[in-house]
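Student: I'd like a close look at one ion pair and then at how it sits within the rest of the fold. Please start local and work outward.

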Amino acid sequence: MEVLSSRILLRPADRAESRRFYREVLGLAVSREFGTAEDPGVMFFLGQGLLEVSPRGADAVEPGTAIWMQVRDVQKEYDRLVEAGVPVSRPPRLEPWGLVEMWIEDPDGLPIVLVEIPEGHPLRRDQRSFAPRPA
């Protein structure tokens, strides 16, 4: 399977509130809007992925997925989000696996983890230096 693009589909109870949260509070850039002008679906950029806020299907179940977002400075985002009144489920801390993480929730209670990858962490290793074994 070759994945060329990805997104997280979010079918919130209150689309207007979710659109406001992702656009205004988190400050995500809009990729595109679709549907009706009164209640549009919105696609937001999430680094190399996308977040789609759109209407629920008739057979949709409650959200059960977390959103993982890498940021440059978790402490800076923590300070900004607390100032904006966003409840923080777990303040920033260095996890045993070496990432700095904090947890918040969107208006529907969907967990969001903000992650900072510290200098020297293996995820920062330049993968271009990988040399395949000769056949």
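Student: Which helix holds R20 and E17, and how many residues apart are they?

Tutor: Keep in mind throughout that this is a predicted model. R20 and E17 belong to helix α1, which covers residues 15-25. They are 3 residues apart, so about one helical turn separates them. Their side chains meet in a salt bridge, with 2.8 Å from N to O. Side chains of opposite charge can pair when their charged atoms come close.

Now the surroundings of that pair. R20 has a relative accessible area of 33%. E17 has 27%. R20 is therefore classed as partly exposed, and E17 is therefore partly exposed as well. A value under 20% would be needed to call a residue buried.

Just before the helix comes a loop. A13 is found there, between β1 (7-10) and α1. What is its exposure class? A13 counts as exposed, at 63% relative accessibility. It also has a partner far along the chain. P107 is 94 residues away in sequence, yet the two C-alpha atoms are separated by 8.9 Å.

Step back to the whole chain. There are 2 helices and 8 strands. From the N terminus, the order is β-α-β-β-β-β-α-β-β-β. The chain has 135 residues, and 32% of them count as buried. The total for salt bridges is 9, and R20 with E17 is one such pair.

Helix α2 repeats the spacing. E77 and R80 both lie in α2, 3 residues apart, or about one turn. They too form a salt bridge, and their closest N and O atoms are 2.9 Å apart. R80 is partly exposed at 33% relative accessible area.

A further salt bridge lies outside these two helical pairs. The side chains of R93 and E95 meet at 3.1 Å, N to O. R93 is partly exposed, at 41% relative accessible area. E95 has 7%. With the limit for buried set at under 20%, E95 therefore counts as buried. This pair is part of something wider. Salt bridges with shared partners link R90, R93, E95 and E101 into one network.

Next, the sheet. Which strands form it, and in what order? It is an open sheet of 4 strands, running β5-β8-β7-β6, with mixed pairing. β5 and β6 (88-94) are the edge strands, each pairing on one side only. From one strand to the next, the twist averages 15 degrees.

Take the antiparallel pairs in turn. β6 and β7 run antiparallel and are joined by 4 bridges. V88 stands opposite I104 of β7. The two strands make a hairpin with 5 residues between them. G98, in that turn, has a positive phi of about 95 degrees.

β7 (residues 100-105) then meets β8 (residues 111-116). These strands are antiparallel, with 6 bridges between them. W103 has V113 of β8 as its bridge partner. E101 stands opposite V115 in β8. E101 is also a member of the salt-bridge network. Again there is a hairpin with 5 residues between the strands. Its turn holds G109, with a positive phi of about 90 degrees. In a regular strand, the side chains alternate between the two faces of the sheet.

Last, the largest pocket. It encloses about 440 Å³ of space. Its lining has 17 residues, and L46, G47, M69, Q70 and V71 lie nearest the centre. Which elements give two or more residues to that lining? They are β3 (41-46), β5 (67-70) and α2 (74-83). By class, the lining has 11 nonpolar, 4 polar and 2 charged residues.

These elements tie the picture together. β5 serves both as a sheet edge and as a contributor to the pocket lining. α2 also contributes to that lining, and it carries the E77 and R80 pair. The R20 and E17 pair, where we began, sits in α1.

Note on methods
Residues are numbered from 1 along each chain as its sequence is written. This is a predicted model: local features need pLDDT of at least 70, side-chain atom pairs count only at pLDDT 80 or more; totals for chains, interfaces and linings use all residues. Side-chain values use heavy atoms; hydrogens and water are left out. On a 1 Å grid over the protein atoms alone, a cavity is a set of points where a 1.4 Å probe fits but cannot get out, and a pocket is an open set with protein on both sides within 12 Å along at least five of seven lines; lining residues have an atom within 4 Å of a point. Grid points are joined across faces, edges and corners, and a volume is the space filled by probe spheres set on the points. Ala, Val, Leu, Ile, Met, Phe, Trp, Tyr, Cys and Pro count as nonpolar, Asp, Glu, Lys and Arg as charged, and the others, Gly among them, as polar. A salt bridge is a side-chain nitrogen of Lys or Arg within 4 Å of a carboxyl oxygen of Asp or Glu. Buried means under 20% relative accessible area, exposed over 50%, partly exposed in between (1.4 Å probe, protein chains only). Two strands pair if DSSP finds at least two bridges between them. Axes are lines fitted to C-alpha atoms, for helices over the stretch in contact, and angles run from 0 to 180 degrees between N-to-C directions.
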